[in-house]
Amino acid sequence: MIVTEGYEPLVELTRGGTVECRHFGAMAVVDSSGRLLAAAGDPELVTFPRSSMKPFQALPFVEAGGVEHFGVDQESLAVLCASHAGTDAHARVIGSLLRKFDLHESDLQCGVHWPMDSETAEAMRLRGEEPTPIRHNCSGKHTGMLGMARLLGAPKESYLDPAHPVQQGIIQVLAEMTGLPAEALLPGTDGCSAPVYALPLRAFAWGVARLCDPFALAAQRQAACRKITAAMMAHPVMVAGPGRLDTVLMSALSGRGIVKGGAEGYQMIGLMPGALGSGSAGIGIAFKFSDGDPSRRATHCLITALLNALNLADVAASAEFAPFAESTLRNWRGLPIGEIRLSRPLKVTLPGVA
């Protein structure tokens, strides 16, 4: 049974003129001052951001001077925030980071799976090569956590223990960025075995807005936030991979925002100050579909609607993003049979935009 409490019908699919399927979702759109600009369902819905948390999990390492201490370049910093596709390029960058940190691939405790990039996986099979932890989509995050352990002089073997200094630093930073007490973050274990925390959509969206527009934060954290967003925007292919939503949308945004999806229908988008026009504040968007949106079709539809509502129609209509914005549903012969659309119109209040 799919849980719908706190959610509302957000996206629907038609066959002919009849609605055949609905995806229930919840969403919060918040600016960097904490104002709620739009909502769907319950914006206070408590749920796990999953991999959308990754930029925040990298933030303590950057704030503590890890980038300078180890000589981490922008490309490498981007992969610390990634759910990457396991391409040879991703493996190369992570391998380089492990060497900088005086670590080995066997130190990664993320597990093993085949690369999400099908071409890479097929090439490996043809070579008779088995996947190793470096190809795991979360290996960049884990490498960053191990780098933080090195920086702190803390044990590497227990870096995933919630009581470890690395994890304690992450929960403290996440609490501060989202304006919540640390004890309000509800603990869980992610698919890659790292701690993950459930928190309200609105609070997480505010954290994203502040990551993009850290004007009210301490100077050291402001600098760390800007390094992370700059790295993600400069190297979007490191954050996901060729043809994947996060990479494609960041490329189409052209320096106006960051994008990071999470498992089970979670998605975050952060827009930089000025992205929506002169004087616009940073904006954080967080949404979740109750059914996990396994095909990501509801996510694509909602993002397209958000782009249009935020006066970013140029991004929605761009050649890069166009495949994700397609609203016509077709059968296996290519015949149009229906459409995917929002269940109700979406309106976002945009104060202070010239």
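A pocket here is an open set of grid points with protein on both sides within 12 Å along at least five of seven lines. With that in hand, let's walk through the holes and hollows of this predicted model, then look at a little sheet and a well-covered helix.

**The pockets**

Start with the runner-up. The second largest pocket has a volume of about 260 Å³. Its lining takes in 15 residues, and the ones nearest the centre are Cys301, Phe324, Glu326, Ser327 and Ile340. Four elements put at least two residues each into that wall: helix 12 (297-309), helix 14 (322-325), strand 10 (328-330) and strand 11 (336-342). Helix 12 gives the most, with five residues. As for chemistry, you get eight nonpolar residues, four polar and three charged around this second largest pocket.

Now the winner. The largest pocket comes in at about 470 Å³. A set of 26 residues lines the largest pocket, with Ser83, Arg244, Gly261, Gly262 and Ala263 sitting nearest its centre. Helix 11 (245-253) and strand 7 (257-262) are the elements that hand two or more residues to this lining. Strand 7 has the largest share, at three residues. The lining of the largest pocket splits into seven nonpolar, 11 polar and eight charged residues.

**The closed spaces**

How many cavities of 30 Å³ or more does the model have? The count comes to four. The largest cavity holds about 70 Å³ of space. Its wall is made by Lys54, Gln57, Ala58, Pro60, Phe61, Leu80, Lys141, Gly144, Met145, Met148, Val166 and Ile170. Helix 1 (54-63), helix 6 (139-152) and helix 7 (165-178) are the elements that contribute two or more residues to it. Which of the elements supplies the largest share of that lining? That would be helix 1, with five residues. By type, the residues around the largest cavity are eight nonpolar, two polar and two charged.

Here are the three spaces side by side:

| Space | Volume | Nonpolar | Polar | Charged |
|---|---|---|---|---|
| Largest pocket | about 470 Å³ | seven residues | 11 residues | eight residues |
| Second largest pocket | about 260 Å³ | eight residues | four residues | three residues |
| Largest cavity | about 70 Å³ | eight residues | two residues | two residues |

**Helix 11**

Back to helix 11, one of the elements in the wall of the largest pocket. Is the helix mostly covered or mostly open? Mostly covered: eight of its nine residues are buried. Those buried residues are Leu245, Asp246, Thr247, Val248, Leu249, Met250, Ala252 and Leu253. Right after the helix comes Ser254, and its phi is positive, near 50°.

**A three-stranded sheet**

Elsewhere, three strands make an open sheet in the order 4-6-5, with antiparallel pairing. Strand 4 (46-47) and strand 5 (186-189) are the edges, each pairing on one side only. Strand 4 joins strand 6 (residues 195-200) through two bridges, in the antiparallel sense. If you want a spot to look at, find Thr47, which stands opposite Leu199 in strand 6. Helix 8 (residues 201-212) lies across strand 4 and strand 6, and it runs at about 105° to strand 6.

Conventions. Residues numbered from 1 in each chain as written. Predicted model: local features only at pLDDT ≥ 70, side-chain atom pairs only at ≥ 80, totals over all residues. Heavy atoms only, no water. 1 Å grid on protein atoms, 1.4 Å probe; cavity = no way out; pocket = protein on both sides within 12 Å on 5 of 7 lines; lining within 4 Å. Points joined across faces, edges and corners; volume = space filled by probe spheres on them. Nonpolar A, V, L, I, M, F, W, Y, C, P; charged D, E, K, R; others polar. Pairing = 2+ DSSP bridges. Contact = heavy atoms within 4.5 Å. Axes fitted to C-alpha atoms, helices over the stretch in contact; angles between N-to-C directions. Buried < 20%, exposed > 50% of the residue type's maximum accessible area, 1.4 Å probe, protein only.
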